[in-house]
Amino acid sequence: MSIETDVAIIGAGPIGLFAVFELGLLDLKAHLVDILDRPGGQCTELYPEKPIYDIPGLPIVTGQELTDKLLEQIKPFNPTFHFSQMAAALSKLEDGRWKLTTDSGTEIVAPVVVIAAGGGSFVPKRPPIAGIEAYEGKSVHYAVRKMEAFRGKNILIAGGGDSALDWTINLAPIASKLTLVHHRDGFRAAQHSVNQMRELAAHGKINFEIASVKALHGDNGQLNAVTLAGADKREWEHACDTFIPFFGLTIKLGPIADFGLNLTENLIGVDTEKFQSTTPGVFAIGDINTYPGKLKLILSGFHEAALMAQAAFHIVKPNEKLRFQYTTSSSSLQKKLGVA
Amino acid sequence: MKIVATDRKGQVHEIEGRDGWSVMEMLRDAGLPVAAECGGACACATCHVYVTDGWYEKLPARSDAEVDMLDMALAVEDNSRLSCQITCAEDLDGIKVTIAPE
């Protein structure tokens, strides 16, 4: 079933969130799609604790704080979020509207699409091990979606962050054997998880090896062993049938590349009046767009969102007149914001 | 100062390093393929390089934050560094780095 709305926004980072505000002031409703499981994009995924110093009026704010403040600011407009979904396809309907389909099958139909996707989608990093592609989806996995699928497996988990530790702890009881490999005896994870993992290792419930995975061995996508290399460069074979590497996320443009838009070096070219792409009705704001003089700054994206919203209004409501108003003086805007 | 950078194809580039700027910024300005997704905040490990030919030993030690972040880098070696954490300075004139695999 399709969801109908005014604007479909790809990306729930700071610019996608602020777009909800600017659209909301003009009575335009928005649905947002993001591959991450929470709002904030790079701000919360890459640097939640790092201070940002160049947001107007906020001399110092962390990525997480900025996201929280934006969420508070857009609350009156009650946007709908579709998290953990990747914008997979964009097609034009006969009535002129757009249909955005996600990889989970959600369909959003709207006259306006706003791409605020930053550098693209966050996807798991693929370790540089020769031939790993052949095993992906069969015996090499980058996420655990259904734990049951791992019951009775001889699992090898690689990495030293929270995901590696959490899944080591969670899968240990159902695996036939579980080994965690990490290149050093130190972790970038919650201390209680590290303690729990060490406890499991001390009781022989899991194995912990200080090593790196150098090669995979198997047939037809089914792994049967890997070559591990220790800190002293000594190499040995380790039998396993399932490998789950957790090396964090990286950013890839992804399916947006196939939306039929005019791309220059993975950026969407836009005009600087409306921040519309060369495809009418499809706008691009924030780090993902390019135009002469473009600066990849959050504040530039905010400006772009405001101008985009003006143009979007005329597409969504072609017969209505748009009156420019200030939030300081307009009682109708204040009513929308819930402060009047 | 000069930075001697080897890209992923093995091609060697000699680029200018500006005092006080990070090696990552110099590599990026020279158009070399370092993603540097977080923009230099030591938060993403996509500016990973190997520091070679005795230069690794001349650098200040990795900070705890860098050691932690290197866990998210791939193919980490003893001479791995995040290039956003190396500051250009005259005593590093001629530093040799190799951009790590993606």
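Let's start with a helix, α5 of chain A, residues 191-202. It has 12 residues, and at 1.5 Å a residue it should span 16 Å. The end C-alpha atoms of α5(A) are 16 Å apart, so expectation and model agree. Keep in mind that this model is predicted. What follows just after α5(A)? There we meet A:Gly204, with a positive phi of about 75°.

Now to the strands. Take β9 of chain A, residues 107-110. Which residues sit on its covered face? They are A:Ile108 and A:Ala110. The uncovered face has A:Glu107 and A:Val109.

Next, the partners of β9(A). One is β1 of chain A, residues 2-4. β1(A) and β9(A) run parallel, joined by three bridges. Another is β8 of chain A, residues 98-102. β8(A) pairs with β9(A) in the antiparallel sense, over four bridges.

Find A:Ile108 on your screen. Opposite it, in β1(A), stands A:Ile3. A:Leu100 also stands opposite A:Ile108. And A:Ile108, remember, belongs to the covered face of β9(A).

Stay with β8(A) and β9(A) for a moment. They form a hairpin, with four residues between them. Look in the turn for A:Gly105. Its phi is positive too, at about 95°.

Last stop, the contact between the chains. How many residues does each chain give? Chain A gives 15 residues, and chain B gives 14. On the side of chain A that touches chain B, six residues are nonpolar and six are polar. The other three there are charged.

Notes: Residues are numbered from 1 along each chain as its sequence is written. Chains are lettered from A and ligands numbered from 1 in the order in which they are written. This is a predicted model: local features need pLDDT of at least 70, side-chain atom pairs count only at pLDDT 80 or more; totals for chains, interfaces and linings use all residues. Two residues are in contact if their C-beta atoms, placed from the backbone, lie within 7 Å. Ala, Val, Leu, Ile, Met, Phe, Trp, Tyr, Cys and Pro count as nonpolar, Asp, Glu, Lys and Arg as charged, and the others, Gly among them, as polar. A residue is buried if 20 or more other C-beta atoms lie within 10 Å of its own, exposed if 12 or fewer, and partly exposed in between; C-beta atoms are placed from the backbone. Helices (H or I, at least four residues) and strands (E, at least two) are DSSP runs, numbered from the N terminus. Two strands pair if DSSP finds at least two bridges between them. The expected span of a helix is 1.5 Å times one less than its number of residues.
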